[in-house]
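Please open the model in your viewer and keep the sequence panel at hand. The tour below proposes one selection after another and says what is to be found at each.

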Amino acid sequence: MKEYKPYKSGKVREVYDVGDSIIMVATDRISAFDHILKNRITNKGAILTKMSKFWFDFTKDILPNHLLSVEAEDMPEFFRQEGFSGNSMKCRKLTMLPLECIVRGYITGSGWESYKKTGMVCGISLPAGLQESEKLPEPIFTPSTKAEPGEHDENVSFEESVSCLEKQFPRKGREYAEKIRDYTLALYKKCADYALSRGIIIADTKFEFGLDEDGNIILGDEMLTPDSSRFWPLEGYKPGQSQPSYDKQFVRDWLKANPDSDYLLPEDIIQKTVAKYEEAYTLLTGEKAG
């Protein structure tokens, strides 16, 4: 059996080159505040993979995505062993664009902090008098640069995103920036409307895009998972305060309240986090996470 080693290891994912395609493995690691926590969250990788597949299938009408298969029999033998079951995606190879495409439908997190200081988020002026967690008049596109593990992503304006893309793709920066902005907003609107019908508010999320061999923009990475999004329960939603959450905001809140934790979670927080991920998956898809 041929063995493979990841050529890229991120905060949560490991990526393997298998020749004509790549295998993306969602581990049970969890990150917060740009740090990898010392715990593993049981079954988290499998839930993230199943959720990404659900959304990739749901949005094929907007643009193509990189997912080829989540079935072990479609992958090299190495990925049919324990540790890869259910948490691996076979994907098309893409040249990834160097931006995280963040879309915000509600004012929260770093966007709320920026708004309180300046009335703006990533160079976008917002109406006066917004409350924390309030729905925005229209979703906004607020891209960021991609940081290496342990470093912070940097929010940038739309014009700065054009410049960032122009450096890597001369004479294509504005075209690509406009396309990924429009795709990001279209994806968010369709998925947020659907999620709302299932009792979940998608407050914000991020997408990543790449180019195929013909230069077409393709949706890549993960999609609308609790690791890349803020999911709030619709029931009990009330602007003017922070919201309970289905995503890893639950972990962030605990870490904020326990600054001396050294990024080590207690067992009860791990179990509650797993339950949050499973509940979100079941609500969104109508299927059990197990």
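Which residues are linked with E100 in a network of salt bridges? Select K146, K206, E208 and D221 together with E100, and the network is complete on the screen. Bear in mind throughout that this is a predicted model.

**Salt bridges across the chain**

The count of salt bridges comes to 22, and three further pairs deserve a stop. Begin with E14 and R29, whose side chains meet in a salt bridge with N and O 3.4 Å apart. The two belong to distant parts of the chain, since E14 sits in strand β2 (residues 13–17) and R29 in strand β4, 15 residues apart. Colour the pair by accessibility: E14 has a relative accessible area of 18% and is buried, and R29, at 11%, counts as buried too.

Move next to K44 and D227, where the closest N and O atoms of the salt bridge are 2.9 Å apart. Here the link runs from helix α1 to the loop between β15 (217–220) and β16, and its two ends are 183 residues apart in the chain. Both K44 and D227 are buried.

For the third pair, select E138 and K189, which form a salt bridge with 3.7 Å between the closest N and O atoms. Because E138 lies in strand β12 (residues 135–141) and K189 in helix α4, this pair ties together parts that are 51 residues apart in sequence. Are its two members buried or partly exposed? E138 is partly exposed, with a relative accessible area of 49%, and K189 is partly exposed as well, at 38%.

**Where α1 meets α4**

Now show helix α1 (residues 44–58) and helix α4 (residues 173–197) as ribbons; they pack at an angle of about 115°, with their axes 11 Å apart. The crossing in which α1 passes α4 is right-handed. Adding side chains brings up F54, W55 and F58 on the α1 side, which meet K190, C191 and Y194 of α4. By class, this contact is made of five nonpolar residues and one charged residue, with no polar ones.

**Into the core**

Keep α4 in view and turn to the largest nonpolar core, which has 65 residues. Which element gives the largest share of this core? That element is α4, with 10 residues. The core residues with the most contacts inside it are I180, F207, F209, M223 and L265.

Centre the view on M223 and, leaving aside its neighbours within four places in sequence, display what it touches: M51, S52, W55, F56, T59, L187, C191, F207 and S228. W55 and C191 in this list are already familiar from the meeting of α1 with α4.

From there, go to L284 in helix α6, which counts as buried because its relative accessibility is 0%, and buried means under 20%. With near neighbours in sequence again set aside, its contacts include M51, F54, W55, Y194 and F231, along with A195, R198 and I200. The last of these makes a useful distance to draw, as the C-alpha atoms of L284 and I200 are separated by 7.7 Å while the residues are 84 apart along the chain.

**Helix α5 and its cover**

Select helix α5 (residues 249–257) and pick out its buried residues, namely Q249, V251, R252, W254 and L255. Among the elements covering them are the strands β4 (29–32), β5 (35–40) and β16 (229–233), as well as α6 (267–285).

**Two unusual backbone positions**

Most residues other than glycine have a negative phi. With that in mind, select N43, which is not a glycine and yet has a positive phi of about 70°. N43 lies in the loop between β5 and α1 and, at 29% relative accessibility, counts as partly exposed. The second such stop is C122, also not a glycine, with a positive phi of about 50°. C122 is found in the loop between β10 (120–121) and β11 (124–125), and with a relative accessible area of 15% it is buried.

**A last stop**

Finally, select E159, which lies in helix α3 (residues 158–168) and counts as partly exposed at 44% relative accessibility. How far apart in space are E159 and G123? From C-alpha to C-alpha the separation is 9.3 Å, for two residues that are 36 apart in sequence.

Technical notes: Residues are numbered from 1 along each chain as its sequence is written. This is a predicted model: local features need pLDDT of at least 70, side-chain atom pairs count only at pLDDT 80 or more; totals for chains, interfaces and linings use all residues. Side-chain values use heavy atoms; hydrogens and water are left out. Axes are lines fitted to C-alpha atoms, for helices over the stretch in contact, and angles run from 0 to 180 degrees between N-to-C directions. Helices (H or I, at least four residues) and strands (E, at least two) are DSSP runs, numbered from the N terminus. A crossing is left-handed if the near helix is turned anticlockwise from the far one by less than a right angle, and right-handed if clockwise. Contact means heavy atoms within 4.5 Å. Ala, Val, Leu, Ile, Met, Phe, Trp, Tyr, Cys and Pro count as nonpolar, Asp, Glu, Lys and Arg as charged, and the others, Gly among them, as polar. Buried means under 20% relative accessible area, exposed over 50%, partly exposed in between (1.4 Å probe, protein chains only). A salt bridge is a side-chain nitrogen of Lys or Arg within 4 Å of a carboxyl oxygen of Asp or Glu. A nonpolar core is a set of buried Ala, Val, Leu, Ile, Met, Phe, Trp, Tyr and Cys residues joined through side-chain atoms within 4.5 Å.
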